[in-house]
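Grab a viewer and work through the exercises below. Try each task on your own before you read its solution.

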Amino acid sequence: MSLLEVENLKISFDSRRGHTDAVKGISFKIDDGESVAIVGESGSGKTTTGRSIIRLAPISGGEIFYEGRKISDLPNADFMPYRKKIQMIFQDPFNSLNPRMNVLQIISEPLGIHFRQMTRSQRRDRVAELLETVGLSPDHMQRYPHEFSGGQRQRIGIARALAVEPEFVICDEPVSALDVSVQAQIVNLLEDLRAKFGIAMLFIAHDIAVVEYLSDRIMVMTRGKIVETGGAEEVCKNPKHPYTKELIASVPRF
């Protein structure tokens with residue numbers, strides 16, 4: 001049984017500009033501890049797919065299963081335990097952290113929701129441990145997001161996602177908003193955390209070169225459909241679909 005199973009997922013939006021089919025009936029599976037990537041250009045539907053798994057985007061059709069249980073139509077109260085199992089690292093570290101909360105409050109907030117038995121002292125100790133895990137200092141707990149660089153903010157976001165000990169983490173373009181010099185540091189951190197904690201991950205990215213290093217499998221998505229899937233090395237070294245070839249060719253080589 002797969003950890004996550006998506007069957008014939010469809011996501012549509014209506015706006016003043018008309019009807020848009022963002023995701024057009026895609027299916028895939030992710031096993032326990034596996035790292036899978038969805039790559040494609042902006043507007044391909046990859047981020048919408050990831051957000052639908054964690055209930056940040058409503059689905060129009062299809063089904064989502066987690067550990068064999070259908071979660072796509074669960075009432076919000078019944079879905080709450082899955083918010084602990086499934087976490088998300090957001091693309092923009094500048095807007096995904098509350099500027100009015102310090103680091104201690106940001107990381108300990110999910111602890112207060114999912115581990116209500118923890119005392120304030122225990123939550124503080126847990127935050128200190130998480131900060132060290134992501135390469136920051138416990139001395140940073142009383143600081144606010146504006147006092148950090150983009151890479152440091154993303155580390156805080158990663159610590160927040162890890163706080164509740166998730167089984168599955170969705171990484172929504174976690175390095176695309178960062179300087180090139182910082183991207184490798186965050187990529188290496190995510191790979192180390194995956195190896196250390198055995199977390200299954202779904203990486204969403206437009207840069208296929210980034211996910212080649214991080215992923216066991218790659219799914220290539222364009223215009224709401226998955227057009228190619230396979231092992232990371234196979235897809236990158238021997239692409240079959242014309243769109244995949246264009247995506248690889250667009251990556252600068254130095």
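**Exercise 1.** How many aromatic pairs does the structure hold, and how are the rings of Y66 and Y82 arranged?

*Solution.* Keep in mind that this is a predicted model. The count comes to two aromatic pairs. Start with Y66 and Y82: the ring centres sit 5.9 Å apart and the planes meet at 80 degrees, so this pair is edge-to-face; the cut-off for that label is over 60 degrees. Next, place the two residues in the chain. Y66 belongs to strand β4 (residues 61–66) and Y82 to helix α2 (residues 76–85), with 16 residues separating them, so to speak a link between distant parts of the chain. Finally, look at accessibility: Y66 and Y82 are both buried.

**Exercise 2.** Which geometry do F79 and Y82 adopt, stacked or edge-to-face? Then find what lies over the face of F79.

*Solution.* Take the numbers first: F79 and Y82 are 6.0 Å apart centre to centre, with 25 degrees between their planes. Stacked pairs need planes under 30 degrees apart, and this pair is indeed stacked. Both residues are in helix α2, three residues apart, or about one turn of the helix. Both are buried, too. Put this together with Exercise 1 and you get one aromatic cluster made of Y66, F79 and Y82. As for the face of F79, R55 lies over it, 4.3 Å from the ring centre.

**Exercise 3.** Work out how strands β9 and β10 are joined, and what is notable about phi at R223.

*Solution.* Strand β9 (residues 217–222) and strand β10 (residues 225–231) run antiparallel, with six bridges joining them. Go to the end of β9 and you'll find T222, whose bridge partner in β10 is K225. Two residues are left between the strands, which form a hairpin. In that turn, R223 has a positive phi of about 50 degrees.

**Exercise 4.** Which residues touch the most other members of the largest nonpolar core, and which helix gives that core its largest share?

*Solution.* The largest nonpolar core has 54 residues, and those touching the most other members are I107, I156, I158, F203, I208, V211 and I218. Its largest share, six residues, is supplied by helix α6 (residues 180–197). A separate core of 29 residues lies apart from this one, and its members include L4, I54, L74 and L202. Now zoom in on I107. Skipping neighbours within four places in sequence, I107 is in contact with V127, L130, L131, I156, A159, R160 and A163.

Notes. Residues are numbered from 1 along each chain as its sequence is written. This is a predicted model: local features need pLDDT of at least 70, side-chain atom pairs count only at pLDDT 80 or more; totals for chains, interfaces and linings use all residues. Side-chain values use heavy atoms; hydrogens and water are left out. A nonpolar core is a set of buried Ala, Val, Leu, Ile, Met, Phe, Trp, Tyr and Cys residues joined through side-chain atoms within 4.5 Å. Buried means under 20% relative accessible area, exposed over 50%, partly exposed in between (1.4 Å probe, protein chains only). Helices (H or I, at least four residues) and strands (E, at least two) are DSSP runs, numbered from the N terminus. Contact means heavy atoms within 4.5 Å. Two strands pair if DSSP finds at least two bridges between them. Rings of Phe, Tyr and Trp (its six-membered ring) pair if their centres lie within 6.5 Å; planes under 30 degrees apart count as stacked, over 60 as edge-to-face and the rest as tilted. A charge sits over a ring if NZ of Lys or CZ of Arg is within 6 Å of the ring centre and within 35 degrees of the ring normal.
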